[in-house]
Amino acid sequence: MAMRRKSNKLPQVAAIKQILKKCSGLGKRSSNGYNNNGGPGPPEDVPKGHFAVYVGENRSRYIVPISWLAHPKFQSLLRRAEEEYGFGHDMGITIPCEEVVFQSLASMIS
């Protein structure tokens, strides 16, 4: 009789929600410029359904769709980012890879 493995989906979903809440500034902004949690709202140039990441030595900024969070290669980058930088800071998500590698991945995912 084969044993069933517990799914890792729930912890992954919780981790993704934590990443978005902590780092991307996603949330509804009120008229005073703050999101519904009392923190600063997302930057004006980040469209709904997207978030900013910072990549490479120069920390170049990229706006990426939330749908990328479901892609295994992007999830791998997020795990590396968490290991290297953690998510307990006020900066956006910093991806620890060369910009050319990120651009290649972005073209593959899109």
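**Questions about this chain**

Visitor: In which sense do strand β1 (residues 50-55) and strand β2 (residues 60-65) pair?
Guide: Strands are DSSP runs of E with at least two residues and helices are runs of H or I with at least four, numbered from the N terminus. Two strands pair if DSSP finds at least two bridges between them. β1 and β2 have six bridges, and their sense is antiparallel.

Visitor: What kind of model is this?
Guide: Residues are numbered from 1 along each chain as its sequence is written, and side-chain values use heavy atoms, with hydrogens and water left out. Local features need pLDDT of at least 70, side-chain atom pairs count only at pLDDT 80 or more, and totals for chains, interfaces and linings use all residues; the model is predicted.

Visitor: Which residue of β2 is the bridge partner of Phe51?
Guide: β1 and β2 form a hairpin with four residues between them. In the turn, Gly56 has a positive phi of about 80 degrees. Across this hairpin, the partner of Phe51 is Val64.

Visitor: Which residue has a positive phi although it is not a glycine?
Guide: This residue also belongs to the loop between β1 and β2. Its phi is about 55 degrees. At 37% relative accessibility it is partly exposed, because that class runs between buried (under 20% relative accessible area) and exposed (over 50%), with a 1.4 Å probe and protein chains only. The residue is Arg59.

Visitor: What is the order of the strands in the open sheet?
Guide: Besides its pairing with β2, β1 is joined by three bridges to strand β3 (residues 93-95), in parallel. In that second pair, Val53 stands opposite Ile93. The sheet therefore has mixed pairing, and its order is β2-β1-β3.

Visitor: Which are the edge strands?
Guide: An edge strand here pairs on one side only. Neighbouring strands are turned by 40 degrees against each other on average, direction ignored. The edge strands are β2 and β3.

Visitor: What angle does the direction of helix α2 (residues 72-85) make with that of β3?
Guide: α2 packs on the sheet and touches β1, β2 and β3, where contact means heavy atoms within 4.5 Å. Axes are lines fitted to C-alpha atoms, for helices over the stretch in contact, and angles run from 0 to 180 degrees between N-to-C directions. Helix α3 (residues 99-109) touches these three strands too, and its direction makes about 15 degrees with that of β2. For α2 and β3, the angle is about 105 degrees.

Visitor: How many charged residues are in the contact of α2 with α3?
Guide: The two axes come within 10 Å and cross at roughly 150 degrees. Lys73, Phe74 and Leu77 in α2 meet Phe102, Leu105, Met108 and Ile109 in α3. Ala, Val, Leu, Ile, Met, Phe, Trp, Tyr, Cys and Pro count as nonpolar, Asp, Glu, Lys and Arg as charged, and the others, Gly among them, as polar. The contact has six nonpolar residues, no polar ones, and the number of charged residues is one.

Visitor: How many residues does the largest nonpolar core have?
Guide: A nonpolar core is a set of buried Ala, Val, Leu, Ile, Met, Phe, Trp, Tyr and Cys residues joined through side-chain atoms within 4.5 Å. Those with the most contacts inside this core are Val53, Val64, Phe74, Ile95 and Phe102. β1, β2, α2, β3 and α3 each give two or more residues. The number of residues in the core is 19.

Visitor: Is Thr94 buried or exposed?
Guide: Thr94 lies in strand β3. Not counting residues up to four places away in sequence, Thr94 touches Tyr54, Arg59, Ala81 and Tyr85. With a relative accessible area of 6%, Thr94 is buried.

Visitor: What share of the 110 residues in the chain is buried?
Guide: The chain has three helices and three strands, in the pattern α-β-β-α-β-α. Among contacts between residues at least 6 apart in sequence, 44% join residues at least 24 apart. The buried share is 34%.
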